[in-house]
Amino acid sequence: MNSILVNYEYCTGCRSCELACRNELGLTAGQSGIVITEVGPIEFNADIGLAGEPYDWVYMPVLTRACNLCETRSQQGKLPSCVQSCQAWCMYFGEPQKLVTKIDGKTRWALLGK
Amino acid sequence: MADYNEYLASFDHAAYHEGEWQWQEGEFTVTRTTHWSPPGCHMGCGVLLYTKDNKLHKVEGDPLNSVASGKLCVRCLAMPEATNHPDRLKYPLKRAGQRGEDKWERISWDEALDTIAERVLSIKKDYGSECIVVVHGTGRNIGWQVPYFASACMQTPNVSTFGFGGFACYLPRMIGTSAKYGDMIIVDASQAHPNRYAAKDWQVPGVILIWGNEPIKSNADGFLGHWLVQCVQMGSKVICVDPRLTWWGVRSDYWLPVRPGTDAILAMAMLNVIVAEELYDHDFVDCWTYGFEVMAERVANKTPEWAEPLCEVSADKIRGAARLIATSSSCACQWGLAFEQQIAALGVTETVADIMAITANIDNPGGNSLFRCAYLIEKRYGLGDDYIDKDVYARKLIAPVSGINESRIVSCADSDAILACLETGEPYEIQMFWIQSSNALACASMDPARTYNALMKVPFIVVADPFMTPTAQALADIVLPVAMSCERNSCRTWWTPVRTMVKVTDYYEAKSDEWIVLQLGKRVKPEYWPWEDDKEFANWYLTDQLAPGGTLYQRTWKDTVENPGTDCCNGIEYWDWDATYHKYAKGMLRPDGEIGFNTPTKRIELWSFGYDRWGVDPLPFHVEPPESPLSTPQTFKDFPLVLSGGGRSFEFFHSEHRQLPTMREFHPDPLIMVNPSDCEKYGVKDGQWIWMENSRGARCKQKVKSTIEVLPGRVHAEHGWWFPEQDGAAPNYYGTYESNLNNMTQAFRTGQGGIGNPIKSMLCKIYPVQDSDVLPHDIIAKNGDFASYEPGQPYPYIEEPVVTTIN
Ligand code: SF4
Ligand code: SF4
């Protein structure tokens, strides 16, 4: 059983994963196996201990029920469509136990799976 | 992605048919090729095209192509929506009614080409070939093809990306750095190395300086913005100079939200810090630069405290950012269009170029590489200039006084000079416009009403485009249907690698730009068009050109399409020269083979001889926008918001893609960003359509996005909007004037040397749209424009600027 690890600190909100998945699953407008959510931009006016600018603005892909983790593609040795197309290069596919070792304690990550 | 090799090991290369250029996958034929456009952009990413029965069904990124490694924008992922779009032009058309009536008659290619050829020959004979103007869009499949066509078929020197004055797109940065460095700089994100981020001699940039662009959305000038997202994941810090808060500003050590149009002030203050605190690289300055002392003197009083009230960035931040630039292992400067979409274009270019030079961030790993076009195949302009009669060439339309034109560093004609010629009929009456892949009315023209009125005087206009655009609808006498990228054989050598494109489908009678210029070339000047077809033409460009002994490139077009390159996949070939660092110390830059830079002094010229020859200040300078809080304080009272334009988004490339359902699903309307406090202050709401209006009464409407991406007192709007779903006939022209920010920009206001235009630094007021408001197209149809002007002259000043040059 494989999962998708997202280093969402770096997601740029380009929505390529949404469309690549829509193509893969043959879905139409408004539907995909993965959908981007947006948080921010937020300006913090209390000191939250950041070295750089006091802002946050992140995106996070969420799997919908349509996602089948690209079973057929992965059997063929291909990357899931969303992972392959991810322009920010912030998605990883593989065994969850291996994937989580990437979590670095500095940037933000989320494991997507079922 | 922290590890490129790990990525390459994470999938089965055989599943992606490594080494093959075409194969069968179930019912689909899959082709490995590269894509720029139309539709798309000018990037050239690797794609896998899935076709069946002469139709494109699906596009995937090619993980084995190291340009983009399988990553693709939504624009390429939705390519079948464009290639199979029902509104595409299928056949050549001839106008059946008056211009603007939307009445067209299908004609054959033979009739179209014969009619055009006949007209061209008679204009040449009766008026002279300079009376033909050739216009092309941004550098894509028309980058080398159309300038060659202008020279070798039309034999006119008047070829240009007509519409925007002051060469306000990339050219100023190119000529500025060519003068000072002898070459151009491009951020080194490892893109010259076939094994990319794993290349041994590459280093991740210490700090990335994003200045005046949002590269992940614009992918400008052959540079893929997401490359830098990889660098950030590999450890690069970020400094972002942008009035807008972007992905970069949020992730930066310093976000410097400069007042639009005052980047040169900020840059001079940074230079001041680096010089005053002796943070520059003393060895590099000693060995490789010229004019350090005079430059240092110029910026000696340009302290951060001096700059703060002018550019509205705190002195502390300026100082901090300057120190970070100078003390990082390297600084990669990703500069953008904002540099020339301001009147201080050459000033800010030279100042930032100086910062990179004295911190030794030139041609260093993870810094700023001196790139040339692959295998020196770069003669995009001027390639066929010898085919133009010398007397005709002398009648090229250029600005009346400009050392830049005299030095011939700019080979295209000047847009403002063309507009003046159209409006005044001097020095001659233009008889024909050939417009290829340019939607001047919706996109490039400042301002569109003036352009429209001027072009209506031209007796014969041909437009070649994949779709019926506002420009074609309003102005064309003949419209030619242009093929999309999967329907053409082509190649490019913009930076590196060399890239080829191969035809896998047809669409009715749409033809490639190459096919069109070749067929017309053969009819008009057969001796200069000896090639059988587009493949031979591409092959000639890559391997032969006019150089004795051919070019440096050893492979044919066909070989490049079909076979893998050295350490890379099919369809591309890298060039070692671009991947070599410190070329100046290796004698690689100068024709005489000596070490040093390709400038008169062999050094980087901090005091620039080139600038001086052009009549431009050879040391850092700023010019205040013609309307700004400082230069026109009275106007500022009534028009209290600083307006920037030209914002990009993932869904669109300039005026393209507006007819694609997915792009409009993701991005239905043009958006103007307004700070929530300004929404409150000016009584406008998120999601509401509002007017932005300037001092001459010119206006356009967009939808409010209430956001802290812009600071109070500043608004930011999008460009390139038209509405293919609306009525195309006059006077609406697909709504091309309604949301067009260019209603408010203006021709004939350029910076020193005739370079730069204050597009991103205007003043406006905003207010809600009411149902009863007269629409821009009605005003233009009735009055010709929002304000009056003398032919060939700028609009008169509403208020004479009180502040101009600051140096
Ligand atoms: S793994 Fe496949 S099915 Fe799931 S979201 Fe990604 S592309 Fe869609
Ligand atoms: S940058 Fe985007 S639109 Fe341009 S070629 Fe690459 S994927 Fe296509």
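Student: What makes residue pairs count as polar contacts across the interface of chain B and chain A, and how many are there?

Tutor: In this predicted model, the rule finds 24 residue pairs in polar contact across the interface of chain B and chain A, with both residues at pLDDT 80 or more. Each pair counts because an N or O atom of one residue lies within 3.5 Å of an N or O atom of the other, where one can donate a hydrogen and the other accept it.

Student: Why is the meeting of A:Lys102 and B:Glu6 called a salt bridge?

Tutor: The side chains of A:Lys102 and B:Glu6 meet at 2.6 Å, N to O, and the cut-off for a Lys nitrogen and a Glu carboxyl oxygen is 4 Å, so the pair qualifies. The count between chain B and chain A is six salt bridges.

Student: Which residues supply 15% of the area that chain B buries against chain A?

Tutor: Chain B and chain A bury about 3700 Å² between them, with 55% of it on carbon and sulfur atoms. Of the area that chain B buries, B:Lys71, B:Leu77 and B:Phe666 supply that 15%, more than any other three residues. The contact takes 51 residues from chain B and 41 residues from chain A.

Student: How many cavities of 30 Å³ or more does the structure hold, and what is the volume of the largest?

Tutor: The structure holds eleven such cavities, and the largest has a volume of about 250 Å³. Among the 21 residues that line the largest cavity, those closest to its centre are B:Glu627, B:Asn694, B:Ser695, B:Arg696 and B:Gln746.

Note on methods: Residues are numbered from 1 along each chain as its sequence is written. Chains are lettered from A and ligands numbered from 1 in the order in which they are written. This is a predicted model: local features need pLDDT of at least 70, side-chain atom pairs count only at pLDDT 80 or more; totals for chains, interfaces and linings use all residues. Side-chain values use heavy atoms; hydrogens and water are left out. On a 1 Å grid over the protein atoms alone, a cavity is a set of points where a 1.4 Å probe fits but cannot get out, and a pocket is an open set with protein on both sides within 12 Å along at least five of seven lines; lining residues have an atom within 4 Å of a point. Grid points are joined across faces, edges and corners, and a volume is the space filled by probe spheres set on the points. Contact means heavy atoms within 4.5 Å. Buried area is the accessible area (1.4 Å probe) that two parts lose on being put together, summed over both. A polar contact is a pair of N or O atoms within 3.5 Å; within protein, one must be able to donate a hydrogen and the other to accept it, and residues adjacent in sequence count only if both atoms are side-chain atoms.
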